Amino acid sequence: MTKVYAPADAQRDLLELLRQVSSGKSVKIEAPQQAGNGAILVSESQWTAMQQQLQQANQTHEVQDREDLYKAWRWL
């Protein structure tokens with residue numbers, strides 16, 4: 001992310017922000033008085049990649065949990 005936008009600026013420049021996002025950049029929108037309550041605009045392809053990565057991480061943890069349970073069960 002290269003720049004943080006205030007909500008009013010983001011609203012005014014929405015088409016430009018969408019162009020930036022479609023070119024692969026992420027855009028952060030945050031009101032100065034509400035730090036931490038902002039929003040991040042990402043492209044659909046970036047969103048899909050993040051969702052796939054989260055799904056893979058969840059599957060990896062599930063497999064590891066099953067293996068750990070099996071190991072613990074064998075020692076009973």
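Buried, in this talk, means under 20% relative accessible area. Keep that cut-off in mind. One more thing up front: this is a predicted model.

Let's start with S43. S43 has 9% relative accessibility, so it counts as buried. Where does S43 sit? It lies in the loop between strand 3, residues 39-41, and helix 3, residues 44-74. Its side chain has a partner, too. A polar contact of 3.1 Å links the side chains of S43 and S45.

Now the sheet. It is open, it has three strands, and their order is 1-2-3. The pairing is mixed. Which strands are at the edges? Strand 1, residues 4-5, and strand 3 are the edge strands, each pairing on one side only. Strand 1 and strand 2, residues 27-29, run parallel, and two bridges join them. Within that pair, Y5 stands opposite I29 of strand 2.

Then there is helix 2, residues 14-22. It packs on the sheet and touches strand 1, strand 2 and strand 3. Its direction makes about 140° with that of strand 2.

Look at the two sides of this helix. Which residues of helix 2 are buried? They are L17, Q20 and V21. Their arc around the axis is only 100°, so they lie on the same side of helix 2. What do these buried residues pack against? Strand 1, helix 1 (residues 7-12), strand 2 and strand 3. Turn the helix over. The face away from the buried side carries L15, R19 and S22, and those are exposed. Just past the end of helix 2 comes G24, with a positive phi of about 105°.

Next, the core. The largest nonpolar core has six residues: Y5, A10, L17, V21, V27 and I29. Helix 2 and strand 2 each supply at least two residues of it.

Take I29 from that list. Which residues does it touch, leaving out those up to four places away in sequence? Y5, A6, P7, A10, G38, A39 and L41. So much for the core.

Back to helix 2 for one polar residue, Q20. Is Q20 buried or exposed? Its relative accessibility is 15%, and the limit for buried is under 20%, so Q20 counts as buried. Beyond its neighbours within four places in sequence, Q20 is in contact with Y5, K25 and V27. With Y5 there is also a polar contact between side chains, at 3.4 Å. And L41? The C-alpha atoms of Q20 and L41 are separated by 9.5 Å, while the two residues are 21 apart along the chain.

To recap, follow Y5. It is in the largest nonpolar core. It stands opposite I29. Its side chain makes a polar contact with that of Q20. Helix 2, which holds Q20, packs on the sheet. That's my tour. Over to you.

Note on methods:
Residues numbered from 1 in each chain as written. Predicted model: local features only at pLDDT ≥ 70, side-chain atom pairs only at ≥ 80, totals over all residues. Heavy atoms only, no water. Helix = DSSP H or I, 4+ residues; strand = E, 2+ residues; numbered from the N terminus. Buried < 20%, exposed > 50% of the residue type's maximum accessible area, 1.4 Å probe, protein only. Polar contact = N/O pair within 3.5 Å; in protein donor to acceptor, adjacent residues only side chain to side chain. Pairing = 2+ DSSP bridges. Contact = heavy atoms within 4.5 Å. Axes fitted to C-alpha atoms, helices over the stretch in contact; angles between N-to-C directions. Core = buried A, V, L, I, M, F, W, Y, C linked by side-chain atoms within 4.5 Å. Arc of directions from axis to C-beta.
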